[in-house]
Amino acid sequence: INRKSDIPEAAIIVANRHFSERDFKRVIEIFSGISDEELYNYGVDSINIEAKLQVGQIEQALSAVDSSLRLDKYSTVANLLAARIFEAHKFDKEKAIKFYNVALEKSKSADQKQWIIKKIDFLKNNKTNQIMSYVGGN
């Protein structure tokens, strides 16, 4: 048994538990010992990004999104997270729209596509600086 190869799996399980308990600082601490590529391969890169956003580490979250997009530039989840960062934290609706468009193109979910279309439409038609809004169903 190669115990070293079991370390990322065990750490990810622990980090997921901390995330569900909203202990985002601990999640960030645990994930800091795991490479961006491993986080992506285990499908927890979005948890790492979200934890950073939850504690206000906007630049670090953006850097983590960039890493995820370097590994898969068409990742729907990473593009949605990038769009959210630019929309809600950077207040750059043009960049947000760019990432929402990639997510729209690559999404396999009809409901998600419908939501993204509404979000893009809202951002394009909103003339004020307030770019965050509830964009829900009916």
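Me: Which residues in α6 do Ile58, Ala61, Leu62, Val65, Ser68 and Leu69 in α5 meet?
Reply: This is a predicted model, with residues numbered from 1 along each chain as its sequence is written; local features need pLDDT of at least 70, side-chain atom pairs count only at pLDDT 80 or more, and totals for chains, interfaces and linings use all residues. Side-chain values use heavy atoms, without hydrogens and water. Contact means heavy atoms within 4.5 Å, and helices are DSSP runs of H or I, at least four residues, numbered from the N terminus. The named α5 residues meet Ala78, Asn79, Leu81, Ala82, Ile85, Phe86 and His89.

Me: Is α5 roughly parallel or roughly antiparallel to α6?
Reply: The axes of α5 and α6 lie 9 Å apart, and the helices pack at an angle of about 150 degrees. Such angles run from 0 to 180 degrees between N-to-C directions, with axes fitted to C-alpha atoms over the stretch in contact. Because angles over 145 degrees count as roughly antiparallel, the orientation of α5 relative to α6 is roughly antiparallel.

Me: Which element gives the most residues to the largest nonpolar core?
Reply: This core (buried Ala, Val, Leu, Ile, Met, Phe, Trp, Tyr and Cys residues joined through side-chain atoms within 4.5 Å) has 23 residues, of which Ile49, Val65, Ile85 and Tyr100 touch the most other members. Two or more residues come from each of α4, α5 (58-71), α6 (76-89), α7 (93-106) and α8. The greatest share, 7 residues, is given by α6.

Me: How many residues form the second, separate core?
Reply: Ile85, a member of the largest core, touches Ile49, Leu53, Ile58, Ala61, Leu62, Val65 and Lys90, residues up to four places away in sequence not being counted. Apart from that core there is a second one, including Ala11, Ile34, Val44 and Ile47. Its number of residues is 13.

Me: Is Asn48 buried or exposed?
Reply: Asn48 lies in helix α4 (residues 45-54). Beyond its neighbours within four places in sequence, Asn48 contacts Phe31, Leu39 and Ala64. Buried means under 20% relative accessible area, exposed over 50%, and partly exposed in between (1.4 Å probe, protein chains only). With a relative accessible area of 5%, Asn48 is buried.

Me: What separates the C-alpha atoms of Trp115 and Leu104?
Reply: Trp115 belongs to helix α8 (residues 110-125). Trp115 is partly exposed, because its relative accessible area is 33%. Trp115 and Leu104 are 11 residues apart along the chain, and the separation of their C-alpha atoms is 9.1 Å.

Definitions and conventions:
Parallel < 35°, antiparallel > 145°, perpendicular 65-115°, else oblique.
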